[in-house]
Amino acid sequence: MTNHGDDWGEIERALSWPPRAPASFADRVMARVADARREENATLAVRWSGAPALEWWVRAAADPASVLALSLAALLLWRADVLSSALQAALGGLMSALRVPAPAPLVALGRAASQGETTLALGLALLPAVIWGSWRLCQWLERTSQPTAPAARR
Amino acid sequence: MKPEDEERPSNPVSRGHASPERREEHEWIERARSGDERAFRMLVERHQARAYGLALRILRNAAEAEDAAQEAFVRAWRGLSEFRGEAGFSTWLYRIVARQSFDRLGPLKRRRERETPIESVAEPANEADDPGARALTRRLERLMDVLNPVQRAAVTLYYWGDRSVEEVASALEIPENTVKTHLSRARAALREAWRRSEHDEPRG
């Protein structure tokens with residue numbers, strides 16, 4: 001039986017030899033590096049082409065949905081009395097055509113709408129809904145005007 | 001036996017007394033950082049055997065070890081700009097290899113049935129023509145199964161190229177005292193397994 005020192009000497013000798021790397025290992029690493037590089041360049045190109053060149057508030061202001069929403073909101077606030085009268089007239093006409101009395105809440109709302117402060121409050125309350133509706137409308141218009149989606153970049 | 005408290009400069013290049021080999025490597029790193037793939041290839045060729053060997057010792061599966069080592073090199077390429085030179089390049093690279101390998105251990109355990117026997121791939125690099133050396137290596141690789149993956153990694157790094165405990169700890173991201181414990185237990189387990197194997201199989 002060998003003594004412990006001799007055992008360890010042999011083990012240490014064997015431990016000090018690293019195995020051979022498989023054949024063409026470096027070639028395969030470099031091929032993967034080249035792939036990674038191409039992928040990185042493609043990602044950079046996509047990021048660059050989609051990079052926001054302007055501040056968010058400039059892009060938001062230039063967005064067609066924002067323009068449409070703000071135009072509708074401005075119209076609502078500017079001609080609220082006209083719109084309210086038109087709405088009341090349309091509602092009255094509808095009710096008389098259907099030969100039913102107008103519901104009490106609607107009558108009260110119609111009377112209140114003729115006052116300036118109520119109109120402003122109603123306008124402000126409706127503003128988010130108008131903006132959201134305009135944005136969805138604009139999205140729908142964009143989708144319908146672009147029949148095919150652009151192919152994803154690889 | 002190697003003294004465990006061996007201290008070596010962590011970055012000889014920056015201290016101005018680097019070996020020509022280290023200086024050459026430093027130059028390759030700088031060139032590779034600026035996108036020179038040839039320089040990076042030099043680094044791969046210098047470290048491929050040990051990077052692969054470390055992955056192989058941890059994973060005990062040739063195909064998985066090759067993939068882990070290759071992926072580690074690709075990550076090293078991508079991360080070269082983050083390499084500050086505080087540790088040696090090899091220590092930094094082995095850290096990536098070790099992470100890659102340890103991350104794969106769990107999934108690999110679940111598909112052990114496809115494992116390639118390690119004896120068919122672990123050839124000694126320097127003494128490949130010496131049948132005695134080859135037999136010794138094969139015997140050692142079989143005995144490596146008595147160690148856990150961290151012990152195998154610690155022993156492997158420590159006995160290759162005079163790595164200090166500090167460097168092994170840095171590569172494996174564990175405290176130095178833990179490395180010392182792993183080394184001590186690994187040595188005892190290997191000695192014991194070596195002696196037992198002498199009774200079971202003929203030497204040489």
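**Exercise 1.** Which residues in H2(B) meet which residues in H3(B)?

*Solution.* Begin with the ground rules: this is a predicted model, in which local features need pLDDT of at least 70, side-chain atom pairs count only at pLDDT 80 or more, and totals for chains, interfaces and linings use all residues. Residues are numbered from 1 along each chain as its sequence is written, while chains are lettered from A and ligands numbered from 1 in the order in which they are written.

Next, list the two sides, where contact is taken as C-beta atoms, placed from the backbone, lying within 7 Å. From H2(B) come B:Glu25, B:Trp28, B:Ile29, B:Arg31 and B:Ala32, and they meet B:Ala39, B:Phe40, B:Met42, B:Leu43 and B:Arg46 in H3(B). Finally, sort them by character: the residues of this contact of H2(B) with H3(B) divide into seven nonpolar, no polar and three charged (Ala, Val, Leu, Ile, Met, Phe, Trp, Tyr, Cys and Pro count as nonpolar, Asp, Glu, Lys and Arg as charged, and the others, Gly among them, as polar).

**Exercise 2.** Describe how H2(B) and H3(B) are arranged relative to each other.

*Solution.* First locate the helices (DSSP runs of H or I, at least four residues, numbered from the N terminus): H2 of chain B covers residues 20–33 and H3 of chain B covers residues 37–59. Their axes, 7 Å apart, make an angle of about 135 degrees (angles run from 0 to 180 degrees between N-to-C directions). The two helices are therefore oblique to each other, a class left over once angles under 35 degrees, over 145, and from 65 to 115 are set aside as roughly parallel, roughly antiparallel and roughly perpendicular.

**Exercise 3.** Work out what chain A brings to its contact with chain B.

*Solution.* Start with the fold of chain A, which comes to seven helices and zero strands. The contact then takes 24 residues from chain A and 36 residues from chain B. On the side of chain A that touches chain B, the elements that give two or more residues are helix H1 (4–15) and H2 of chain A, and H1(A) gives the most, with nine residues. That side divides into 15 nonpolar, two polar and seven charged residues.

To close, weigh the confidence, given as pLDDT (the predictor's confidence in each residue, from 0 to 100). Chain A averages 73, and among its elements H2 of chain A (residues 25–49) has the highest mean, 80, whereas residues 147–154 of chain A stay under 50.
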